[in-house]
Amino acid sequence: MVKLIIDGRAVEVQPDQNLLQASLSVNADIPYFCWHPALGAVGSCRQCAVRVYRDDDDQVGQIVMSCMTKLREGMRVSIAEREVAALRESVVEMVLANHPHDCPVCEVGGECHLQDMAVMTGHSGRRYEFQKRTHLNQNLGPFIKHEMNRCIGCYRCVRFYRDYAGGDDFGVFGSRANIYFGRASEGALESPFAGNLVEICPTGVFVDKPFSKKFRRKWDMRGTASVCGHCAVGCNVTLQEREGELRRVVNRYNDAVNGYFLCDRGRFGADYVQSEHTLRSARLAGSAELAVNEARAALARVLATPDLIGIGSPRASLESNFALRTIVGPENFYLGIHDTAYDMLDVAARLIRSARMTVASVRDVEQADSVLIIGEDPSETAPRLALALRQAGSAGVHARANRNAIPLWQDISVRDNGCETPGALMIMSPAATELDDVAWLTLRVRPDEAIARAAMIAHAIDPQAPPCADMPGIMPMQVEQMAAALLAAERPLIVVGCMTGDADALRAAANIVEALMRRGKQARLSFIAPEVNAVGLALLGGGRMSACFEPLAAGSANIVVLENDLYRRFPHDLLDRAFKQAGSVTVLDHIETQTTAQAGLVLPVASMAESDGIVVNQEGRAQRFYKAIFRQTPSLPAWQLLRDAANIGDWPTLSALVRVMSGTVEGLEHIVEVGLDAAFRIEGIQPASQPHRYSGRTAVNAHHDVQEQAPPSNEYSPFATSMEGYHGAQAGVPVPFFWSPGWNSVQSVNKFQSEIGGSLRHGDEGVKLGGQDQDSSGYWPVTISPAEPAVLLFIPCLPVFGGEELSALSPAIEARMAVPSASMNIHTAALHQITEGATMDYVTQGACMRLVTEIDDHLPDHVVQIVAGYPGQPPLPGPVHGQVRHITARADG
Amino acid sequence: MMTLERPLTKNIKPNTPPMGLHAYQAAGGYEAVRQTLGRVAPADLVEMVIQSGLGGRGGGGFSAGRKWQLMPDPKADPGPRYLVINADEMEPGTFKDRLLLEGDPHQMIEGIILSAYAIQADISYIFVRGEYGTAITRLESAIGAARDAGLLGRNILGSSYDLEIHVHGGAGRYICGEETALLNSLEGRRAVPRAKPPFPQISGLWGRPTVVNNVETICNIPHIVLRGVDWYKSLGLDGESGTKIYGVSGRVKSPGTFELPMGTTLNDLIEHAGGMREGYQLRAVLPGGASTAFLLDDQLDIPLSFAGVAKAGSRLGTGTAIILDDRTCPVGMLHNLQHFFAQESCGWCAPCRDGLPWVERILAKIESGQGEMSDLALLDDIAGTLGPGRTFCALAPGAMASLVSGLTYFRAEFEQHIHTKSCGWT
Amino acid sequence: MHLTPADIAALGEIVGHYPHKRAACIDALKYMQARHGYVSDQSLEAIAVLLDMSPAELDEVATFYNLIFRKPVGEKVIYLCDSVTCWMLGRDKIARKIQDLIGIRQGETSTDGRYTLLPIVCLGHCDHAPAMMIDDRLFGDVEPGQLPGILEPPD
Ligand SMILES: Cc1cc2nc3c(=O)[nH]c(=O)nc-3n(C[C@H](O)[C@H](O)[C@H](O)COP(=O)(O)O)c2cc1C
Ligand code: SF4
Ligand code: FES
């Protein structure tokens, strides 16, 4: 710790931060614009001036920018001194010279960092009397609205978009007072992190476009802690609601998971909860809607039958899966995922349970100093994790800065100094990835080739690790180099996911980690699980689907499918047959899917936004989401519907169910510690979920009822649904809205952290499960199943936008979906007489996809990368052999 | 009267093409290189330059040798090292480097070879402003000749020292002269300055150890090497070393450049320029380009040395004086100057970017007779905000130097504009 | 737009001066401008591809520097110094005279497309103020009366 004296007050702060950050951390407010805890300091806005004094005798001191100032033991600092305070006011006055007076119509008004800073400096009157500069705005696509006139030139947007997130289609143009932040030409921002500009911009230049259409002021919305449902990273989000409508999704800071940033799939993908795809009422096949009671009775009848088969879901809560599993009996519960995913998750669950293996949090990923990625493109399957990997890619740059005594927070200086330092990543994947620019080694290889190399790396690190049979084309030198790079690191990280479609990839990855640990390294593993609760589902346990289709074939079983579109996962003919043979098919879901379309009985259930529950992310972190949307005619959460229909008395409340689950399922013991019980109170009152200033509550419905509406009831979460209740941060209580006196913008999150940019003062959320198995060290056997030579190998590519089930149903995301295509290198194309742009039939396992062909010379020979996961596309659960057919012209054409 | 030594300009004849390689060598050129490469230890050369008292001629006056000394040991940070020559010369009123570049390119190259050797650089870039086309072609052809003669490239003169020189032509923007913005520009980026520390010696071009020096600074090196520290020190007056290429522009009889002892008085300099033109009185002087504060006619006896001008409340800057005469509106002049700076702000830091155009507009308003007394207070305020240490680089504080001194010295003229609601000077 | 083999060779030579391709981007922009008068979107894209930059990255640079034109200019560009010494010595009169002669103010291109008039910072020719440059020819001590001769040099 370092001692400082700030305006006479002695404080102790963490070393290795700049003076601005240190001051903010001890509640000494200094206004700032260009600095950001995640982006570091560059000193361009000149807003954070303070006076520092050399020693006790120095009465004059010197004006410095606090963000660019290193700490010195015993440093005397004045924020309040008259001249420096006047300077800060004057600087705000200058940036406001050209800023429009449009706060009343600006979406950011009332939660604007610029407003906060203007107030903080005391600036109030305008002296600039000349014409303001104006700009034309650009259409930046469906996510972001551009209002350039509001720009104050802090450069945060480019620094985030380009330096931090690696985007290259956005920049700053022009010079002097005529600088313009935008794209070279109009068009959608390409980076999947563009949405963060909304929170990065200290004013209203980049505005959430879908939100603008259903706009409410920050103080007019209820905020609820939730978890993003679009991948297994499980980013923490705040859902903001008013009048039963989801208005927007904003980042909810969690130091261990998403920090300050979300991906655009998470931010703009949640509107599926209120789209045309939302399932609102129950029905029986062939008949019209069922009334709620009839539907529940019908479900009760199904659940009363013998021969029940339950199919769970990686996108449903742990509670709902557990409820179904309990009702049908664990032996009749199947996980509802493809066998390859099942096998991988099975290994993953064991690794999470292992006391020896450290599975990396996103924060850990960011801090790794050498990374090997095996067969995965995290920028598709776990975008937020990929953003963390990009930061890890700078490990070498940071090391160089350390050698040259450049503080790591001095952002551009660090980047400039390290601009010739190669990235810290090694990537083995069939296709180019968005992270290639921060990798020193990229190998374009098939999944089997990547796994073989991974096995060899483990063996190279520790000869005790199982060796791998020779495979043609592998250069031992390369393997040695990769092993050496991992060994040279202090915090090496191995990343693997499901794209290889082969659990051996995970086993080989685990072996590398084990080998590194045996060599004394603090090695970590990151497994990218396929869906939001896939790990939770695996920890819960259940049968594999191939085993499920057998009893089905025997006939007459009654299937209950929980929130799962099986048609996205399994060959359609297989499912059609199975459903035909089944006694009955009942589907519970909150969206219409191909599976609901095939069901005999369909019941609507609550989505994550409309319910409470727990999901477990890829790291094994169990996280609670709370009910955020209160509809007029709500659907019940699936667990509750199932409980009532099966007439189970053990779970009067969600907490009771969680307790039962904790006692029944091995490995889920700690699940009771996750989140708050509905009975939780602070000093006898509920925490409020609406801001103090939530206004017009009585007027909202005045057009049809002048009586004040009762706030909706909130059965399973502790939050009061109104503004009445406890306000303020409390240990273990997720923050429904970040707001603090003088800090109305998202930057108020600073006020909730123990150190600026560190953990929330009241602890990061989530409970890490696992780690209980003591006897789990040792190497896994790895078998390589080489791809057939010269046969086409189809490899799925899951686009961030639309390659995932739920976000694809959100209008903004839908607008960003591309035409599905198949890519191969020119050599492979020539071999099959395919030309670029040709539409071909790509055939595998009975499925036929008619796709436009693109040429991508990064791909290895005989590999076809197929854009998969779009609605209506046949499933492509992993790499498969396939064929390509020319479309035969119809003779009558 | 003793004839003054003019080491820097001795080879330069007005309106004549520069000396070619042979003529330059015949005049003693590249002798310093021959005597030094492989014979003198680089560290000794650095020490010599420190001892010589050579101060940076780019405007700061910082000891060239001490700057070099901050380069890390090549063993501590192995890899390329660079010497960058700042030939951006865009400071209004400044035209001294052009003389050296066009007039004696081999002297420039010789200076570079010696300096690069001293800091163990392997590549040198000469960053020449794009408008100096003649300088660029002359430098390029001189570099070609030097390379053909084995004075550049691999194993120069058998010394096992390698050096390449490349000429980089700029594409405009005054800020490129700021040494760290210059580095960004050389890297093919927007020329915005970089934070210091880290200084370029630690993290310069592509993050590598780099020294940036002004043209004139480097042109001194061959002479120091050849004729020694004592001789070099004896050239200067007022306790500073060497000669200085001064310049005078404005309404003097013979505006131009003059190589004179460092520390020559302003009076003497104006004398060299033939004194004021008939019918014009000297009102004030910007002693070293647009970024320096005014000196008044009663300060003409000050020595034009770094210390001398600083003592008088201004800066030597580039040593090229701009004379304000009694028939030019001082408000108009300040408006012109602030227009320049507002245009040339790089746009990186807020007060400069948004403050300078504001200043410019207020001055235009006053000049056109629409000013109010409160505008003067406002100008004082803004000038405070754009002062030294408050903006990111020295551009805005440089801009404020003339404004602040002008607001003091020309108070009466400002008030006259405001009270008479017109400019009396057109 | 496609770069000709000669273009690629010339640019390749410049790229060789630097350890990183993108350092050649300003030279490349100037090169394209010398050939086509200005840097069109197509030129910009062609250079960006050659230097492994995105169009946005290159345009950030192109729009920063005042000697790079992203819009067409006249056949000849007149750069009239507007810095302090030239201003004192009558550059505004020169500007007015040019306007009289060819009808353009600063920033404009004559209707016949022959001239563009641009202000420029100090040309380092202050001892011959007022100064101006037409393309790369420098003129000093310019008197309004000389302008017809300068602008329409006898062939
Ligand atoms: C706005 C600005 C413009 C500058 N322009 C020039 C210039 O054109 N030429 C120059 O040599 N130095 C210029 N300098 C000074 C350089 O930053 C740097 O100090 C100088 O090149 C160092 O060389 P020296 O040590 O040899 O003097 C400028 C500085 C500033 C702040
Ligand atoms: S003072 Fe600021 S905006 Fe002005 S040139 Fe320097 S860095 Fe750029
Ligand atoms: S926050 Fe310190 S200069 Fe911008």
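## Where chain B meets chain C

In the contact between these two chains, 50 residues come from chain B and 35 residues come from chain C. The model described here is a predicted one, and every value in this report is to be read with that in mind. Together, chain B and chain C bury about 3500 Å², and 60% of this area is on carbon and sulfur atoms. On the chain B side, Glu131(B), Ala171(B) and Arg190(B) account for 17% of the area that chain B buries against chain C, which is more than any other three residues supply.

What joins the two chains in polar terms can be put in two counts: 0 salt bridges are found across the interface of chain B and chain C, while 20 residue pairs are in polar contact there, both residues being at pLDDT 80 or more. The elements of chain B that give two or more residues to the side touching chain C are strand 3 (164-169), helix 8 (179-186), strand 9 (320-325) and helix 14 (330-344). Helix 14 of chain B gives the most to this side, with 7 residues. Sorted by class, the side of chain B that touches chain C holds 22 nonpolar, 17 polar and 11 charged residues.

## Where chain B meets chain A

Chain B also has a contact with chain A, in which 41 residues of chain B are in contact with 41 residues of chain A. The area that chain B and chain A bury between them is about 3400 Å², with 53% of it on carbon and sulfur atoms. Within chain B, the residues that lose the most area to chain A are Trp348(B), Trp358(B) and Arg390(B), which together make up 22% of what that side buries.

Between chain B and chain A the count is 5 salt bridges. One of these links the side chains of Asp381(B) and Arg127(A), with a distance of 2.9 Å from N to O. Across the interface of chain B and chain A there are also 25 residue pairs in polar contact, with both residues at pLDDT 80 or more. The elements giving two or more residues to the side of chain B that touches chain A are helix 14, helix 15 (350-367) and helix 16 (373-385) of chain B, and helix 15 of chain B gives the most, with 10 residues. By class, the residues on this side of chain B divide into 18 nonpolar, 10 polar and 13 charged. Helix 14 of chain B thus appears in both lists, on the side that touches chain C and on the side that touches chain A.

## The surroundings of ligand 1

Ligand 1 is surrounded by 18 residues, of which the closest are Gly58(B), Lys67(B), Asn86(B), Asn214(B) and Thr217(B). Strand 4 (residues 210-214) of chain B provides the largest share of this shell, with 3 residues. By class, the shell around ligand 1 consists of 5 nonpolar, 7 polar and 6 charged residues.

Several polar atoms of the backbone lie beside this ligand. A polar backbone atom of Glu89(B) is 3.1 Å from an oxygen atom of ligand 1, and a backbone N or O atom of Glu179(B) lies 3.0 Å from an oxygen atom of ligand 1. For Gly177(B), a polar backbone atom is 3.2 Å from a nitrogen atom of ligand 1. Of the 600 Å² of accessible area that ligand 1 has on its own, the protein covers 87%.

## The surroundings of ligand 2

Around ligand 2 there are 13 residues, and those that come nearest are Ser345(B), Cys346(B), Cys349(B), Cys352(B) and Cys393(B). The shell around ligand 2 has 10 nonpolar and 3 polar residues, and no charged residues.

## Backbone details in the three chains

Two cis peptide bonds can be located in loops. In chain B, a cis peptide bond with omega of about 5° joins Pro197(B) and Pro198(B), and Pro198(B) has its place in the loop between helix 8 and strand 4 of chain B. In chain C, a cis peptide bond with omega of about -5° joins Ala129(C) and Pro130(C), and Pro130(C) lies in the loop between strand 2 (115-120) and strand 3 (132-134) of chain C.

In chain A, the phi angle of Asn27(A) is near 65°, a positive value in a residue other than glycine. Asn27(A) is placed in the loop between helix 1 (19-25) and strand 3 (49-53) of chain A.

Note on methods
Residues are numbered from 1 along each chain as its sequence is written. Chains are lettered from A and ligands numbered from 1 in the order in which they are written. This is a predicted model: local features need pLDDT of at least 70, side-chain atom pairs count only at pLDDT 80 or more; totals for chains, interfaces and linings use all residues. Side-chain values use heavy atoms; hydrogens and water are left out. Contact means heavy atoms within 4.5 Å. Buried area is the accessible area (1.4 Å probe) that two parts lose on being put together, summed over both. A salt bridge is a side-chain nitrogen of Lys or Arg within 4 Å of a carboxyl oxygen of Asp or Glu. A polar contact is a pair of N or O atoms within 3.5 Å; within protein, one must be able to donate a hydrogen and the other to accept it, and residues adjacent in sequence count only if both atoms are side-chain atoms. Helices (H or I, at least four residues) and strands (E, at least two) are DSSP runs, numbered from the N terminus. Ala, Val, Leu, Ile, Met, Phe, Trp, Tyr, Cys and Pro count as nonpolar, Asp, Glu, Lys and Arg as charged, and the others, Gly among them, as polar. A residue is near a molecule or strand if one of its heavy atoms lies within 4 Å of it. Accessible areas come from the Shrake-Rupley method with a 1.4 Å probe; for residues, only the protein chains shown count as cover.
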